[in-house]
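Thank you all for coming; I would like to spend a few minutes on charged side chains and on the place where two chains meet. Please have a look at the sequence and the model first, and then I will go through them.

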Amino acid sequence: MVGIVSYGTYIPAYRIKAEEIARIWGENAESIKSGLGVYEKAVADIDEDTATISVEASREALKRCGIPSEEIKAVFVGSESHPYAVKPTATIVAEAIGANRFCYAADLEFACKAGTAGMQICVAMVKAGMIKYGLAVGADTSQSSPGDALEYSAASGGAAFIIGENETIAEVKDTLSFTTDTPDFWRREGMPYPSHGGRFTGEPAYFRHVYTAAKEIMKRNNLSPEDFSYAVFHMPNGKFPTRVARMLGFSSEQIEQGLVVRRIGNTYSGSSLLGFSAVLDVAKPGERILLTSFGSGAGSDAFIFEVTENIESYPREPKVWEKIERARYIDYGLYAKLRKKIRMV
Amino acid sequence: MLPRFWRKIKYRYRLVGSYCENCGEYYHPPRNLCPKCRRKGSIKEVPLGSEGTILSYTVVHDAPDDFKLQKPYVVGLVKLDCGAVVTAQICCKPEEVEIGKRVRAVFRKYSEEGEDGIIYYGTKFELI
Ligand SMILES: [Zn+2]
């Protein structure tokens, strides 16, 4: 059965704390931390971007399963911060990992759910017999305008998944998407920072899509929240996933392991996938995992995974939570320089 | 710059080098001829592995414009475990680098040709 053969993650070492951002803008850090549920976030270094994050995560995935890189015949990179407006990230990743030259490749964009969209495409291509192994990556170095509330959460990081049929560590039991035209968050061509619909990002966007997708996939598989060991939802902040989990009937124990947002922020296309990776880090054979991403614009991809026996002999070090602990704190000045918020003339 | 970079992309992105089947030496960048064995040598392209040790380094304070945002930065000679020696940037603070420290290859951005130009990527090293 089609599933995940391997996975890898990358979280930049730099972090900035909510206190440091609040200090600059004269805001109350405690009320932001409790309101948003984000305490610090990961920041890409000057020489890190979506391509480098994708390559590092993909290399870790390849190393862990030992599949020869030429057997990778599909590479999809989902991001809303591709380094080029025109010139694919997927070609850079394919070259850097040494994927087969006869390789299906494309960049995907769907706000924060482009990574899970890539996983769905790989699942379908493996099922159709077009490829043996495909690589799907979700990575971002998301931007926010200085002083905007998004600055506390917009972060950098990513995860990569090798999809195939042999030696899977987790089988994809089902996947579906729920999609509507909802303008909750957008960025026009050529603009450096995104705009968002303020309160509009909650009910009609995040909650409606995540809830509907998760509810439907459970319903059509005759499963309920008690049937899952873990659930992971897209994490634009620490509050939304906690609330949607409660609405669906999941306990806080079921979502705690994947709730990486408090410590690294919202890594956009990497967000739900890093949470899911943190869950795979500790998952045991037979356990069921629900994953539901969300992308503004808007849509949700839901998956039901079942962990296999193979996970016991699969190397999972270093774990996502260990990478989260390896933090180097920076001040707002260096952060502004790294994120190019200082205009060079 | 662009065609020259493009031709060597494989060797910049991945640590691929040459191995002489006659004397067992590894070389980076790749060579067509083994400098030791000359015509007796037999050269083959191989992956060089990703870990090594710092042989020597220098801290760059006076950086060209493309690297201004990175200064001061460390450039080092890294002896890979196979024996090949690679020159590359070491991603750490100047006060953290030391001869003999273990390093691992990472994929990073080298430079950009301004805001509208090509972005160059390649191999750097980080401390283990
Ligand atoms: Zn030789």
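**Charge pairs across and within the chains**

Let me begin at the interface of chain A and chain B, where 13 residue pairs are in polar contact, counting only pairs in which both residues have pLDDT of 80 or more. I should say straight away that this is a predicted model, and please keep that in mind throughout. On the side of chain A that touches chain B, helix 3 and helix 4 of chain A each supply at least two residues, and helix 3 gives the most, with five residues. Sorted by class, that side of chain A has 10 nonpolar, two polar and 11 charged residues.

How many residues of each chain are in contact across this interface? On chain A there are 23, and they are in contact with 21 residues of chain B. The area buried between the two chains is about 2,000 Å², and carbon and sulfur atoms give 51% of it. If we ask which three residues of chain A supply the most of the area that chain A buries against chain B, they are Asp47(A), Tyr84(A) and Glu95(A), which together supply 26%.

Two of those residues, Asp47(A) and Glu95(A), come back when we turn to salt bridges. As a general point, side chains of opposite charge can pair when their charged atoms come close. Between chain A and chain B the count is six salt bridges, while over all chains it comes to 31.

The first pair I would like to show you is Arg108(B) with Asp47(A), whose side chains meet in a salt bridge with an N to O distance of 2.8 Å. This pair crosses between chains, with Arg108(B) sitting in strand 7 of chain B, residues 102-112, and Asp47(A) in the loop between strand 3 and helix 3 of chain A. Both Arg108(B) and Asp47(A) are buried.

The next pair also crosses between chains, from Arg14(B), in the loop between helix 2 and strand 1 of chain B, to Glu95(A), in helix 4 of chain A. Here the closest N and O atoms of the salt bridge are 3.2 Å apart. Are the partners buried or partly exposed? Arg14(B) has a relative accessible area of 21% and is therefore partly exposed, whereas Glu95(A), at 16%, counts as buried because the cut-off for buried is under 20%.

Let me now move to a pair inside chain B, where the side chains of Glu25(B) and Lys36(B) meet in a salt bridge at 2.8 Å, N to O. This pair links distant parts of the chain, 11 residues apart, with Glu25(B) in the loop between strand 1 and strand 2 and Lys36(B) in the loop between strand 2 and strand 3. Glu25(B) is partly exposed, with a relative accessible area of 29%, and Lys36(B), at 55%, counts as exposed because that value is over 50%.

In chain A, I would also point you to a network of salt bridges that links Lys17(A), Glu40(A), Arg263(A) and Glu325(A).

Finally, a word on cysteines, since someone may ask about them. The count of disulfides over all chains comes to zero. In chain B, Cys20(B) is buried at 0% relative accessibility, and Cys34(B) is buried too, with a relative accessible area of 1%.

Notes. Residues are numbered from 1 along each chain as its sequence is written. Chains are lettered from A and ligands numbered from 1 in the order in which they are written. This is a predicted model: local features need pLDDT of at least 70, side-chain atom pairs count only at pLDDT 80 or more; totals for chains, interfaces and linings use all residues. Side-chain values use heavy atoms; hydrogens and water are left out. A salt bridge is a side-chain nitrogen of Lys or Arg within 4 Å of a carboxyl oxygen of Asp or Glu. Helices (H or I, at least four residues) and strands (E, at least two) are DSSP runs, numbered from the N terminus. Buried means under 20% relative accessible area, exposed over 50%, partly exposed in between (1.4 Å probe, protein chains only). Contact means heavy atoms within 4.5 Å. Buried area is the accessible area (1.4 Å probe) that two parts lose on being put together, summed over both. A polar contact is a pair of N or O atoms within 3.5 Å; within protein, one must be able to donate a hydrogen and the other to accept it, and residues adjacent in sequence count only if both atoms are side-chain atoms. Ala, Val, Leu, Ile, Met, Phe, Trp, Tyr, Cys and Pro count as nonpolar, Asp, Glu, Lys and Arg as charged, and the others, Gly among them, as polar. A disulfide is a pair of cysteine sulfur atoms within 2.5 Å.
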